[in-house]
Amino acid sequence: MKARAIRQHLTGYAFISPFIFGFLIFTLFPIAASLYLSFTDYNMFKAPAWIGLENFREMFTGDRKYWNSVKVTLIYVFAGVPLRLTFALIIAMMLNNASRAVGLYRTLYYIPSIIGGSVAVSIMWRNVFGNDGIVNLLLNFFGLESIRWFGDPMAALWMLILLSVWQFGSSMLIFLAGLKNIPQSYYEAASVDGANAVQKFFRITIPLLTPVILFNAIMQTVAAFMTFIPAFIISKGTGAPMDGTLLYSLYLFQHGFQFFNMGYASAMAWVMLIVVSILTALLFFTSKYWVHYETKEGR
Amino acid sequence: MRKVTFLMAALILAWMAAACSETNPPTSNNGTNQSANSNETGSGSSGSGEEPVTLRMAWWGSEPRHNYTLEVIQRYEEANPHITIEPEYSGWDEYWQKLGPQAAANELPDIIQMDLSYIAQYGENNQLADLTPFLGKEIDTTNISDSVISGGMVGDQLFGFNLGVNALGFHYDAEKLESLGVAPLPEAWTWDDYYAKAKEVKDAGDVYFDTGMKADVFFNYFLRTKGASLYGADGISLGYEDDALFVEFFTPLVELVQYGAVPTPDVAAQFSNNLEMNPVVMGEGIGVWQWSNQFVGLQQVANRPMKIHPMPGPHAEQGLYLKPSMFFSISENSQQKEEAAKFINFFVNDIEANQLINGERGVPGSSVVKDALKPSLTEQQAQVFDYISWAEENSSPLGGPDPIGAGEVIALLDDLAEQMNFGVLSPEDAAQQFREEATKILSKNQ
C-alpha cells in the first residue's frame with residue numbers, strides 16, 4: 001500500500017517536473033540572485049562586491065532621478081489605470097447591449113490590445129503624434145498650429161497614458177464576460193419597480209461587477225507598474241523630454257544595462273516588488289468593503 | 001499502466017534536458033581545423049576550401065554609412081565565399097542600449113564598432129580581445145603609423161583598431177548664409193563671434209544657425225581651450241576645478257536656444273537619428289557642429305556644396321584635438337577572432353573598400369589608402385582631408401580614452417543640458433549637480 005502511494009506521488013512529481021525545474025532555474029534562482037545582488041556593487045563582469053544597504057541609501061537619499069521616476073510612474077499608474085478601466089467598462093456596456101455584429105466589434109476593439117504594448121504600436125504612436133505626424137498635419141490642414149505632443153514632460157507622460165488607455169481590450173473582454181453573467185431577471189425586476197437606467201447601473205451592474213473590477217484593477221495596476229516598452233520606444237530609451245517619460249522600469253533598465261550598475265538595478269527591482277505587493281495587498285484588504293460576491297462561498 | 005506513464009514522463013524530461021543542452025551552436029570547432037580539410041574548388045584569394053564561417057558585425061551610424069558598409073561587406077563576402085557577415089546596425093543611442101545586454105549575455109558580435117567613450121569600460125571588463133597578437137599578421141600595419149594604432153590602447157592592451165582620424169568643426173551651407181545677406185563667417189572666430197552670428201542669422205531669415213552642440217564633446221573642447229578637460233587624468237574625477245567654466249560655456253548656448261537660433265531639445269530629438277530631417281538638409285538651418293567624418297554623410301544627403309569651418313577660439317589650437325573616429329574591436333567571446341581580424345584588415349587596408357568608405361569613418365590611417373583616395377575625391381570630400389591635415393598642425397594631443405563610467409557621465413550631462421535648454425534649470429545649479437553626481441560616478445573607479 002505504502003509503496004504504491006509513493007509511486008503514485010512520484011508519478012505526479014514526474015509529470016510536473018518540467019515546470020518545477022523551469023520554475024527553480026528560470027524564476028526562483030534569478031529572484032534569489034537579484035536579492036543578493038541588490039546588496040552588492042555589481043557590473044555584470046566582475047564579481048559582485050558586498051556593500052550592504054548602500055544601494056538603498058543612495059536610492060532614497062542621493063538620487064534625484066530616482067524620485068522623479070517614482071513620481072512619473074505613480075502618475076502613470078494612478079491616472080492611467082482608472083481611465084483605462086472606465087473606458088473598458090463603457091465599451092463593454094455598449095457591446096453588451098448591441099445585439100448584432102457584436103463579434104465583429106469585439107474583435108475590432110480588442111485588436112489594439114493584441115498588438116498592444118508591443119514595439120510596433122509604440123513606434124506608430126510616436127509617428128502619429130510626432131512634430132510632423134499625421135495629427136499635426138491634420139491640425140495644419142484645418143489652419144491650426146502644430147502641437148508638440150512630446151515637447152513638454154507632462155504632455156509626453158499623458159501621451160503615454162493615452163496610449164495605455166487606448167489598449168483597453170483585455171479588460172474590456174473580462175468586463176464583457178462579467179456583464180454577461182449578470183442575470184437579465186434582475187434588470188427586469190428593477191424595471192417593473194420603476195428604476196431608470198442610471199439606478200440600474202449603480203444598483204445592479206456595478207455591485208455585481210465588483211469582483212471583476214477588483215480582478216481587473218489588480219491586474220492592470222501590476223502591469224502598469226511594470227510598463228517599459230512604450231516609454232523605451234517613444235523616448236528612444238532616454239526618458240526624454242526631461243525625464244518626463246522615465247518610468248521606473250526604464251530607469252531600472254538604464255542602470256542595469258546601459259550603465260552596468262546591476263546591483264543598483266536589482267535593488268530598484270526589489271523596492272518595486274515590495275511597493276507593488278503592498279498596493280496589491282491594500283486592494284485586497286479594502287475589497288471586503290466594496291466587493292460583493294453572490295454566494296457566501298465566493299469569499 | 002502506471003509504469004508506462006512514469007516512463008513517458010521520464011522520457012519527456014530527458015528529451016527536454018537534451019534539447020536544452022543542444023542549443024549551443026556548434027561553432028567552436030570552426031576556427032581551429034581549417035587547414036585540415038582541403039576539398040572543393042574555392043578560387044578565392046584567401047585560400048581554398050575553408051569551412052563556412054559566420055561573423056556578426058555591429059555598428060552605429062546613419063543611412064549613408066549603413067549603405068556603404070553593407071556594400072563593403074558584400075565585396076568581402078564575394079572575395080571570401082566561405083565568410084558570411086551578419087550586420088547589426090542602428091543609431092547611436094540604440095546601439096549602446098543593445099550592446100550592454102549583449103555583453104551581459106556573452107553574446108557580443110564578433111566585430112564591434114567601438115567609441116573612445118566606451119572602450120575602457122568594455123575593455124577593462126574583459127569584453128574585448130587584445131588585438132596586439134594580430135598586428136603584422138592578420139592585420140597588415142606596414143602603412144599605418146604607431147600613433148594611429150595607439151589610439152585604441154587602454155593600459156598596455158589594444159582593444160580597438162583605429163578606423164580613421166577625426167576633428168571637430170562647423171559644417172555649414174555657405175550659400176544659404178549668403179542668400180540671407182549675412183556676411184561670411186570670420187576665419188579665426190571667437191565664441192562671441194559665434195553667438196552674434198547665430199542671432200544675426202535668426203533675425204535675417206528665421207532659420208536655425210545650428211542644431212546644438214553635443215554637450216560632453218564640445219564642453220570638453222571648451223575646457224581644453226582653458227587648459228582643463230572634462231575628465232581628470234586620474235580617471236576618477238572631473239578635469240576642471242572651477243564651476244564658473246561650466247556656467248561660462250552653457251549660459252550663452254541656452255540663450256541661443258531661447259532666442260530661437262538653435263532648436264529646443266524636443267525639436268532636435270525629431271531628427272537626431274535621421275539626417276534627412278536635419279534642418280540644414282531641409283534648407284531651414286545653416287550648419288551642424290560635428291565630427292569631420294560626419295561631413296561626408298551630411299554632404300551626401302544634402303546634395304549641395306557644404307563647407308567646413310574651424311572651431312571658435314580663443315586658443316582653438318589648444319582645444320582642438322585629433323580623435324580616433326571610431327574603432328573596430330573584436331569581442332573576447334568571439335570564436336572567430338582571426339577571421340574577424342582579417343576583415344578589419346580588409347576594411348583599413350583595401351583600396352577598393354576604402355573607395356566605398358570614402359573617409360566617412362574618419363580620414364584613413366593607412367598612408368597608401370590615403371594617397372590612393374586623393375585623386376578620386378570630390379572637391380567636397382577633399383575638404384575633410386584638408387581639414388584634418390590642417391588640424392594636424394593646429395591641435396593639441398588628446399589624453400587617453402574616457403574613463404569607465406563615461407557613458408553614465410555623458411547621459412547625466414545630456415540630461416542637464418536638456419533641462420537647461422528647456423529653461424527649467426539654471427546653468428549655475430546644473431554646474432553644481434553635474435560636479436556632485438559625476439564625481440560620484442567616477443569615484444566608483446577607485
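This passage describes the two chains of a predicted model, followed by a sheet, a helix, a pocket and the enclosed cavities.

It is convenient to begin with the chains themselves. Chain A contains 13 helices and 2 strands, and 42% of its 299 residues count as buried. Along the principal axes, the C-alpha atoms of chain A fill a box of roughly 85 × 75 × 35 Å. Chain B has 19 helices and 12 strands; of its 446 residues, 54% are buried. Contacts that span long stretches of sequence can be described for each chain in turn. When contacts between residues at least 6 apart in sequence are considered, 68% of those in chain A join residues at least 24 apart. For chain B, the corresponding share is 74%.

Among the strands of chain B, β9, β8 and β10 form an open sheet of 3 strands in the order β9-β8-β10, with antiparallel pairing. The edges are taken by β9 (287–291) and β10 (307–309) of chain B, each of which pairs on one side only. From one strand to the next, the twist averages 35°. A helix also belongs in this picture: α17 of chain B (residues 379–393) packs on the sheet and touches β8 and β10 of chain B. The direction of α17(B) makes about 15° with that of β10(B). Within the sheet, β8 of chain B (residues 168–172) and β9(B) are joined over 5 bridges in the antiparallel sense. In this pairing, L168(B) stands opposite W291(B) of β9(B).

Elsewhere in chain B, Q335(B) offers a look at a loop. This residue sits between β12 (327–330) and α14 (337–349) of chain B. Q335(B) is classed as partly exposed because its relative accessible area, 44%, falls between the 20% and 50% limits. Although Q335(B) and L55(B) are 280 residues apart along the chain, their C-alpha atoms are separated by 9.2 Å.

Attention now turns to helix α12 of chain A, which runs over residues 248–258 and is mostly covered, with 9 of its 11 residues buried. The buried set includes the aromatic residues Y248(A), Y251(A) and F253(A). Also buried in α12(A) are S249(A), L250(A), Q254(A), H255(A), G256(A) and Q258(A). Just after the helix, F260(A) takes a positive phi of about 60°.

One of the buried residues of α12(A), H255(A), reappears at the second largest pocket, where H255(A) is listed with E58(A), N261(A), E408(B) and K444(B) as lying nearest the centre. This pocket holds about 560 Å³ of space and is lined by 26 residues. Both chains contribute to the lining. From chain A, at least two residues each come from β1 (40–41), α2 (54–62), α3 (64–97), α12 and α13 (262–290). From chain B, α18 (406–421) and α19 (427–442) each supply at least two residues as well. The largest share, 5 residues, belongs to α2(A). By class, the lining of this pocket is made up of 11 charged, 9 nonpolar and 6 polar residues.

Enclosed space completes the survey. Across the whole structure, the search finds 2 cavities of 30 Å³ or more. The largest cavity has a volume of about 80 Å³. Of the 13 residues that line the largest cavity, L163(B), V348(B), N354(B), P364(B) and G365(B) lie nearest its centre. Two or more lining residues are given by each of β6 (161–162), α14 and α15 (351–357) of chain B. The lining of the largest cavity divides into 7 nonpolar, 5 polar and 1 charged residues.

The second largest cavity contains about 30 Å³ of space. Its lining consists of A217(A), I218(A), T221(A), V222(A), V276(A), L279(A), T280(A) and L283(A). Helices α10 (197–225) and α13 of chain A each provide at least two of these residues. The spacing of several lining residues can be read with helix geometry in mind: an α-helix has 3.6 residues a turn, so residues three or four places apart point the same way. In this lining, 6 residues are nonpolar and 2 are polar, with no charged residues. Helix α13(A) thus appears in two settings, contributing at least two residues to the second largest pocket and at least two to the second largest cavity.

Methods: Residues are numbered from 1 along each chain as its sequence is written. Chains are lettered from A and ligands numbered from 1 in the order in which they are written. This is a predicted model: local features need pLDDT of at least 70, side-chain atom pairs count only at pLDDT 80 or more; totals for chains, interfaces and linings use all residues. Side-chain values use heavy atoms; hydrogens and water are left out. Buried means under 20% relative accessible area, exposed over 50%, partly exposed in between (1.4 Å probe, protein chains only). Helices (H or I, at least four residues) and strands (E, at least two) are DSSP runs, numbered from the N terminus. On a 1 Å grid over the protein atoms alone, a cavity is a set of points where a 1.4 Å probe fits but cannot get out, and a pocket is an open set with protein on both sides within 12 Å along at least five of seven lines; lining residues have an atom within 4 Å of a point. Grid points are joined across faces, edges and corners, and a volume is the space filled by probe spheres set on the points. Ala, Val, Leu, Ile, Met, Phe, Trp, Tyr, Cys and Pro count as nonpolar, Asp, Glu, Lys and Arg as charged, and the others, Gly among them, as polar. Two strands pair if DSSP finds at least two bridges between them. Axes are lines fitted to C-alpha atoms, for helices over the stretch in contact, and angles run from 0 to 180 degrees between N-to-C directions. Contact means heavy atoms within 4.5 Å.
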